[in-house]
Amino acid sequence: CTFFSFGINDDPSFDVQLAEEWHCRGFAGDPTVGHPSKLHDRVTFHNVGASMLSDNEERKIDKGGSEEWWTTSMPKLRYWLGVE
């Protein structure tokens with residue numbers, strides 16, 4: 001199993017639990033916080049957000065500072081990570 005998790009904020013425990021209990025490989029992302037790139041043997045963190053069809057509420061309140069967020073679409077992210 002493979003999962004993508006966005007908006008993990010300061011708590012990657014859900015992602016780590018999925019890896020532990022279900023032996024899933026995961027890709028966690030949040031452009032507003034920093035984490036080590038390896039959260040677990042099967043979970044990596046990326047400082048990127050998912051593209052939205054409408055404005056992101058956290059972006060509207062300037063969460064993460066004034067710097068531009070890196071965002072991508074799911075198809076592009078899957079290609080970049082080599083996940084089909």
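This is a guided tour of a predicted model, moving from one helix to the core and then to a cavity.

Residues are numbered from 1 along each chain as its sequence is written, and side-chain values use heavy atoms, with hydrogens and water left out. Because the model is predicted, local features need pLDDT of at least 70 and side-chain atom pairs count only at pLDDT 80 or more, while totals for chains, interfaces and linings use all residues.

**Helix α1**

Select α1, residues 13–22; helices here are DSSP runs of H or I with at least four residues, strands are runs of E with at least two, and both are numbered from the N terminus. Within α1, Asp-15, Leu-18 and Ala-19 are buried, a word that stands for under 20% relative accessible area, whereas exposed stands for over 50% and partly exposed for what lies in between, with a 1.4 Å probe and protein chains only. Looking down the axis of α1, you should find these buried residues within an arc of 95 degrees, so they line one face of the helix; the arc is taken from the directions from the helix axis to the C-beta atoms. On the other side of α1, Phe-14 and Glu-21 are exposed. Colour β1 (2–6), β2, β3 and β4 next, since these are among the elements that cover the buried residues of α1. Just after the helix, His-23 takes a positive phi of about 55 degrees.

**Ala-19 and His-40**

Now centre on Ala-19, which, apart from neighbours within four places in sequence, is in contact with Phe-3, Cys-24, His-40, Arg-42 and Val-43; contact means heavy atoms within 4.5 Å. From there, step to His-40 in strand β3, residues 38–40. His-40 counts as buried because its relative accessibility is 12%, and, with the same neighbours left aside, its contacts are Val-16, Ala-19 and Glu-20.

**The largest nonpolar core**

Select Phe-3, Ile-8, Leu-18, Ala-19, Cys-24, Ala-28, Val-33, Val-43 and Phe-45, the nine residues of the largest nonpolar core, that is, buried Ala, Val, Leu, Ile, Met, Phe, Trp, Tyr and Cys residues joined through side-chain atoms within 4.5 Å. Both α1 and β4 (43–46) supply at least two residues of this core.

**The cavity**

Finally, select Phe-6, Phe-27, Ala-28, Gly-29, His-46, Val-48 and Leu-77, which line the largest cavity; a cavity is a set of points on a 1 Å grid over the protein atoms alone where a 1.4 Å probe fits but cannot get out, and lining residues have an atom within 4 Å of a point. Its volume is about 30 Å³. Strand β2 (residues 25–29) gives the most to this lining, with three residues.

Note on methods:
On a 1 Å grid over the protein atoms alone, a cavity is a set of points where a 1.4 Å probe fits but cannot get out, and a pocket is an open set with protein on both sides within 12 Å along at least five of seven lines; lining residues have an atom within 4 Å of a point. Grid points are joined across faces, edges and corners, and a volume is the space filled by probe spheres set on the points.
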